[in-house]
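Hi,

Here is the structure I promised to pass on. Have a look at it first, and then read on for what turned up.

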Amino acid sequence: AQIRYSIPEELTRGAFVGNIAKDLGTDVAKLAAANLQVLSDSDSQYFSVNVHTGIIMVSERIDREQLCGQNPRCFLHLKLAIENPVEFYRIEVEILDINDNPPEFPSDEISLRIYELASLGARFPIQPAQDPDVGTNTLQTYHLSANENFNLNVKARTDGGKFPELVLEKALDRELRAFHYLVLTAEDGGSPPKSSKIRITIQVLDANDNHPVFDRPSYGARLVENSPPGTLVVRLNATDVDEGPNGDIRYSLSSHNSAALRQIFVIDERTGEIRVQGNLDFEEATVYEIEVEAKDMGLPTMEEHCSVVVEITDVNDNAPEVILTSFSSSLSEDAPPGTVVAVIHVRDRDSGDQGKVQCHVSPDLPFRLRKDYEHQYSLLTSTRLDRERVAYYNVTVSASDLGSPPLSRHTVLPIALADVNDNPPQFEQESYEVLVAENNPAGSVLVTVSATDPDSEQNSRLSYSILQAGGTDPGLDPTRYLSIHPTSGQVSAKLPFDYEQTTYLQFHVEVSDGGSPVLRNRTLVHVFVVDQNDNAPRVHFPRAGEDSATQLRISPSISPLALVTKVVAIDADSGRNAWLSYHLAEATDPGLFSVALRSGEIRITRALQETDASAHELLVVVRDAGDPPLSTAITLIVLVEEKGPEALQGSEAQGTDGGGLPTITLYLIVSLVVLSSVSLVVLAVLGVRCL
């Protein structure tokens, strides 16, 4: 709350100002109990409060002229603080001026020297009196004591100042009266009025009896601001009909002009040309009133005064100013269109159209300006933002006035977009195909899957995991064989692969970012196990015990090229690793028997002779086509005997076995063709995918 009181200055201590208890509508006892305190905004404590009565009193002398100078209104501000609860009340005390200061002249006496032939109407300025009071209490008028020769003229200036001048009304005659004694009284408008006096002694001089005369009582000029030094303002013209030194005129700026004005203008004492020597700024002053005096060189000198009014024309010399009232340098990329980024205040110190400002930003940016009201704009987003496309903007706000030529100012607003998790990770490939040789070492890296996320920081931190692919054997858990590094994406084998057990494995790798909510993506990985030559051929026929030989019986009359037996072997590998060849490594008689390279058939090459041994030992080696090749050996003992019961059994066994050989051979050939075809198809598919 705020309470206002008005009191005159110079009240005595203890003078009544107001009853705060009454004006606040509260009980005096409550104020005393609430620990009432008076706080002043000034260094001196001019007032005090009686907490028992609630009356505000004057505690120190108050001099309005000392506090506020020539300001028309003068205020002192107090704050009353009470406790339980804490409340503040603002009190404004207006100090009213009283007529406590008389007008005062700079001195008690002045002297003037006037030629006896001074022309009627000549003016002689007197230093004015000063009154620190304001309003009607300040200086109002002057009075001149009665005399025959002089009259008083009070000149009022545009700033309210009053300057007395003596005007010669009747010609002087030194021979009749050499000195005149006048009294000038300055009086204010107080009640009662106050005044002061100054004695004027006028000495009437002989000789130079004509004073300079301006061709005009006042001059006017118009200049544009920022006119360069040396610019001519006006050329004054004063004449003096006297001859010689009495008619030689010198021009000067009157002592009535302020020091600041003397810094701006200078006058040539001989030509009367007033020129610019300082800075003319329309924003500081629009009109200058220059007091000029012209003096002749006579003894005593005679002078004349005139005024020059200089009007300043505004030019567009001030660029607009851009002031950020509110600004956020960081903006979330998901901010909707129309989000306020900055509030901008613009101003231009020029006037008219030159002070009107328009603002704009580049249409190529996703921002626009909205004019809220005169001199204020808001910077808004105009479209959706995408940090992954543009992460940082330098928005240039251009402010231009309507002057000719227009002036402008550019302010750059740096705006960084804050990331949101709006992009899922993306794998570099839709799927991966891996060829891994069986019997690979545990821990070996099979493939590295890689994904990228255009988001930043936590939103782009990726982690990888293995999932079972749909359509695969549920019993074939990929995590049993494989592991993946959660950050690098390296897929490693936990166990060696066995082509004879697993030829193909597929699984999904899922990548997740660290944003909230979490975004995911998947890729499919195909693992093809490549066969290695890790299985030696196994002989299925004829069967032999471990570390023992197989015995066969043939008739001595067997015909040449007759089939003795057929060695049948199978290799668990595939492709070339399962292509078998048969070789006769050792024989009792190397030239008597031969082994077919591919079929394993053992035949006798010639007819038996009596000189041939009755028992022949053959060592047959079965070798695959792997790199390096693996082999198996079987020892056969061929007995040459006449047909008898044992020989017959051998012959029957031989016949029976011989009958089964074509079926086994056909099975092996079909199996080999199927496996080779499957291998070729798989290799062709892999080649196409790689291409």
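How do the residues lining the second largest pocket divide into nonpolar, polar and charged? Keep in mind that this is a predicted model. The split is eleven nonpolar, eight polar and four charged.

Some more on that pocket, then. The second largest pocket holds about 540 Å³ of space, and 23 residues line it. Nearest its centre you'll find Leu-112, Phe-124, Pro-125, Glu-303 and His-305. Four strands each give two or more residues to this lining: S8 (109-115), S9 (123-125), S22 (287-296) and S23 (303-313). S8 has the largest share, with six residues. In domain terms, the lining takes at least three residues from each of domain 2 (109-205) and domain 3 (213-313).

Now the largest pocket. Its volume is about 680 Å³, and its lining counts 27 residues. Tyr-499, Val-530, Asp-531, Ser-574 and Ser-679 are the ones nearest the centre. Strand S40 (520-530) and helix H6 (645-690) are the elements that give two or more residues to this lining, and H6 provides the largest share, eight residues. By class, the lining of the largest pocket has 14 nonpolar, nine polar and four charged residues. Domain 5 (426-530) and domain 6 (538-640) each contribute at least three residues to it.

What about enclosed space? Searching the whole structure gave one cavity of 30 Å³ or more, and the volume of the largest cavity is about 30 Å³. Val-346, Val-357, Lys-371, Glu-374, His-375 and Tyr-377 make up its lining. That comes to three nonpolar, one polar and two charged residues.

One last item, on a sheet. Strands S17, S21 and S20 form an open sheet, in the order S17-S21-S20, with antiparallel pairing. S17 (232-235) and S20 (265-267) are the edge strands; each has a single partner strand, so one side of each has no neighbour in the sheet. From one strand to the next, the twist averages 20 degrees. If you want to trace the pairing yourself, S20 and S21 (residues 273-276) run antiparallel and are joined by three bridges. Phe-265, for instance, has Val-276 in S21 as its bridge partner.

Over to you!

Notes
Residues numbered from 1 in each chain as written. Predicted model: local features only at pLDDT ≥ 70, side-chain atom pairs only at ≥ 80, totals over all residues. Heavy atoms only, no water. Pairing = 2+ DSSP bridges. Axes fitted to C-alpha atoms, helices over the stretch in contact; angles between N-to-C directions. 1 Å grid on protein atoms, 1.4 Å probe; cavity = no way out; pocket = protein on both sides within 12 Å on 5 of 7 lines; lining within 4 Å. Points joined across faces, edges and corners; volume = space filled by probe spheres on them. Nonpolar A, V, L, I, M, F, W, Y, C, P; charged D, E, K, R; others polar. Domains from an automatic or database assignment.
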